[in-house]
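Reader: Could you walk me through this fold, starting with how its strands are put together?
Author: Gladly; here it is, and then we can take your questions one by one.

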Amino acid sequence: MIRLENALNAWGTADFATVLQREVAQLGVAQLPLQRGLSVGSHVLDTPVTVMVNNISERDGSLRIRVGIFFQSVIAGCSCADDPTPASELNEYCEVQLDIDKATAETVIELAP
């Protein structure tokens with residue numbers, strides 16, 4: 001289970017968005033549902049991501065936060081000599097919903113609808 005403890009500890013302070021962005025970015029591509037959020041490429045690259053807080057709402061017992069994530073992908077080809085697929089990195093963006101339990105910091109991360 002993913003726990004965003006630093007973000008929860010910063011809740012209610014002016015530093016909350018910055019702490020949340022840093023903590024989500026540190027999760028890396030393996031723990032974020034970026035593969036399902038692809039719009040251009042076919043494979044997410046394991047490169048640093050940039051996180052932008054779009055919306056925050058407080059619910060009974062939890063925080064629901066929608067973040068935008070900028071990341072990179074490639075179109076995976078066969079790497080044959082005659083493969084027309086470019087090997088360049090593609091810029092991607094998707095939105096992810098975070099539900100942080102205010103008691104435990106346990107966080108459910110899903111691709112935003």
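**Strands, core and salt bridges**

Author: A good place to begin is Val 53, whose bridge partner in strand 4 is Val 67. Please keep in mind that this is a predicted model.

Reader: Thanks! How many bridges pair strand 3 with strand 4, and in which sense do they run?
Author: The Val 53 and Val 67 partnership just mentioned has its second member in strand 4. Strand 3 covers residues 50-59, and its pairing with strand 4 is antiparallel, with a bridge count of nine.

Reader: Which residue takes a positive phi in the hairpin of strand 3 and strand 4?
Author: This hairpin has two residues between its strands. One residue there has a phi near 85°, and that residue is Gly 61.

Reader: How many bridges join strand 4 to strand 5?
Author: Strand 4 spans 62-74 and strand 5 spans residues 90-101. One of the links between them puts Ser 62 opposite Asp 101 in strand 5. The two strands run antiparallel, and the number of bridges is 12.

Reader: And what is the bridge partner of Val 44 in strand 4?
Author: Strand 2, residues 43-44, also pairs with strand 4, in the antiparallel sense and over two bridges. For Val 44, the partner in strand 4 is Ser 73.

Reader: Let's go inside. How many residues does the largest nonpolar core have, and which elements each supply at least two of them?
Author: In soluble globular proteins, nonpolar side chains tend to be buried together. Here the largest nonpolar core has 27 residues, and those with the most contacts inside it include Leu 4, Leu 20 and Leu 98. At least two core residues each come from helix 1 (5-10), helix 2 (16-27), strand 4 and strand 5.

Reader: Which residues is Leu 20 in contact with, leaving aside its neighbours within four places in sequence?
Author: Leu 20 is among the residues with the most contacts inside the core. With those sequence neighbours set aside, its contacts are Leu 4, Ala 7, Val 53, Ile 65, Val 67, Leu 98 and Ile 100.

Reader: Now the charges. How many salt bridges does the structure hold?
Author: One of them joins Glu 5 to Arg 3, with the closest N and O atoms 2.8 Å apart. Another brings together the side chains of Lys 102 and Glu 58, at 2.4 Å from N to O. This second pair links distant parts of the chain, as Lys 102 lies in the loop between strand 5 and strand 6 and Glu 58 in strand 3. The total is four.

Reader: Is Asp 99, the salt-bridge partner of Arg 64, buried or exposed?
Author: Arg 64 and Asp 99 have their closest N and O atoms 2.7 Å apart, and they connect strand 4 with strand 5 across 35 residues. Arg 64 is partly exposed, at a relative accessible area of 27%. Asp 99 has a relative accessible area of 16%, and because the limit for burial is under 20%, Asp 99 counts as buried.

Reader: One last surface question: which residues make the nonpolar patch of about 250 Å²?
Author: One member sits in strand 5, namely Tyr 93. Tyr 93 is partly exposed, with a relative accessible area of 30%. The full patch is made by Met 52, Phe 70 and Tyr 93.

Methods
Residues are numbered from 1 along each chain as its sequence is written. This is a predicted model: local features need pLDDT of at least 70, side-chain atom pairs count only at pLDDT 80 or more; totals for chains, interfaces and linings use all residues. Side-chain values use heavy atoms; hydrogens and water are left out. Patches are made of residues with over 30% relative accessible area and no salt bridge: like charges are joined within 9 Å, nonpolar side chains (Val, Leu, Ile, Met, Phe, Trp, Tyr) within 5 Å. Accessible areas come from the Shrake-Rupley method with a 1.4 Å probe; for residues, only the protein chains shown count as cover. Helices (H or I, at least four residues) and strands (E, at least two) are DSSP runs, numbered from the N terminus. Buried means under 20% relative accessible area, exposed over 50%, partly exposed in between (1.4 Å probe, protein chains only). A nonpolar core is a set of buried Ala, Val, Leu, Ile, Met, Phe, Trp, Tyr and Cys residues joined through side-chain atoms within 4.5 Å. Contact means heavy atoms within 4.5 Å. Two strands pair if DSSP finds at least two bridges between them.
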